[in-house]
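Welcome, and please get your viewer ready. We will go stop by stop, with something to select at each one.

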Amino acid sequence: MPVYLDHAATTPVTPAALAAYTGQIARGGNPSSLHAAGQAARRVLEDARESLAASLRAHPTEIVFTSGGTEADNLALKGLYWARRGEDPRRRRILCSSVEHHAVADTVEWLEAHEGAEAVWLPCDRAGVTSMDALRAELEKDPGSVALVALMWANNEVGTVQPVHEAVRLCADHSVPVHSDAVQAFGHLPVDFAGSGLATLAVSGHKLGAPVGVGALVVRRDATLTPLLHGGGQQRGLRSGTLDAAGAAAFAVAAHDAVDRLPEEARRLAGLRDRLLAGIQREVPGAVVSGPPDGRVADSDGIPTRLPGIAHVTFPGCEGDSLLFLLDMAGIATSTGSACTAGVPRPSHVLLAMGRSEEEARGSQRFSLGWNSTDADVDALLRAIGPAVEHARAAGMAGHESRIETASTRGRR
Ligand SMILES: Cc1ncc(COP(=O)(O)O)c(C=O)c1O
């Protein structure tokens, strides 16, 4: 039986979400049509919107369904930036953490290259926690020039939870909107949109048991966004396009179930994660665990420091992608955690921002757990990891020098 330890990339669809999806797909209907089939689809969609809003502690009118997390991040960042700059042309600075997913980081870079934005990358500590002193200093330097702030809820590579509430408090003093990418957090940590004070929050279905292709941007009722898509004017004109009732229904069911079971499931996954980490350190002496040590709180709100289901480990002297392939041959699916363009592995910008060297960043592996992970998965990894690391080390850093050169000359953050 293959062992799947890559739930942060995508987690299998839950039986309940699959049933909701196939049920609505079989019925069909365009939620904007006026006939009975259309109105039935509209009811499924609006029920899903209400249910998802309840899971996020938001108002149903604040939910904008999208195709996923990437679209939600794009709509938030471009939409807020254009609207804020439109109101005052001095607002061009985007203050953004250095550990964002590419869906955020590359969008900010695009706004810088094409729309006159100025990106300010906020530093983080060795655990990956973004500096609130740096945020305060950048805000106070010239508050009138800040278009928005972007700070993810929890990081997808190392699992570090960010001080989002503290950031919102700092920004509120200057009436600056904050966007948070909660794609990895939603369903694994409590997410309370109403209580957060955020302007926008991005979530994605396939990270918690819905199919790929549905997500949402939660938009506070008083936030103004310029839409990216123009057409039929659906969803308050913020996101035109025929609505996907089946995807929305599946997302709502998966989110409801994840939030419903969250406390027990978070404890279960954290238990598996800690056993996995302790086992790896036993099997591979010298392996280094990334992220905040347990017991530390990310901010004064007492929020857990790490996602329960993500374990990130650096194996010195080992190429992350060699290890990935060796584990795959042993039937275990993992990830290096970092992006890979056209087959060229690059050291992770997240680990570099956390102060790791390129070599350390390249020897890393992410193991991520989800709703159907079991003790047997952890046991299988612990049996395979020692020999796999040994082989990866023996295969040496062949080709390492040339690859480092390729990666560094690509010059990505
Ligand atoms: C933190 C984070 N943001 C955004 C995304 C993109 O979401 P999607 O795959 O739904 O477009 C991902 C997916 O890996 C993610 O982990």
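Our first stop is a polar contact: select the ligand and the side chain of Gln184, where a ligand oxygen atom lies 2.8 Å from a side-chain N or O atom. Keep in mind as you look around that this is a predicted model. Now switch on a surface: of the 390 Å² of accessible area that the ligand has on its own, the protein covers 85%.

Next, add the side chain of Thr70, which has an N or O atom 2.6 Å from an oxygen atom of the ligand. Then bring in His101: here an N or O atom of the side chain is 3.3 Å from a ligand oxygen.

Now widen the selection to the shell around the ligand. There are 13 residues in it, and those that come nearest are Gly69, Thr70, Asp181, Ser204 and Lys207. Colour the shell by residue type and you should find eight polar residues, three charged and two nonpolar.

Which helix gives the largest share of this shell? Select residues 69-87: this is helix H3, and it supplies three of the shell residues.

If you have a pocket display, turn it on here. The pocket in which the ligand sits is the largest one.

Finally, zoom out and show the protein chain as a cartoon. You will be looking at 14 helices and 14 strands. The chain has a radius of gyration of 21 Å, close to the 22 Å given by the globule rule for 413 residues, so it is as compact as a globular protein of that length. To set the scale of your view, note that the C-alpha trace spans about 65 × 55 × 40 Å along its principal axes.

How values were computed. Residues numbered from 1 in each chain as written. Predicted model: local features only at pLDDT ≥ 70, side-chain atom pairs only at ≥ 80, totals over all residues. Heavy atoms only, no water. Near = heavy atom within 4 Å. Polar contact = N/O pair within 3.5 Å; in protein donor to acceptor, adjacent residues only side chain to side chain. Areas by Shrake-Rupley, 256 points an atom, 1.4 Å probe, with all protein chains shown as cover. 1 Å grid on protein atoms, 1.4 Å probe; cavity = no way out; pocket = protein on both sides within 12 Å on 5 of 7 lines; lining within 4 Å. Sits in = over half its atoms within 2 Å of the grid points. Helix = DSSP H or I, 4+ residues; strand = E, 2+ residues; numbered from the N terminus. Nonpolar A, V, L, I, M, F, W, Y, C, P; charged D, E, K, R; others polar. Rg over C-alpha atoms; globule rule 2.2 N^0.38 Å.
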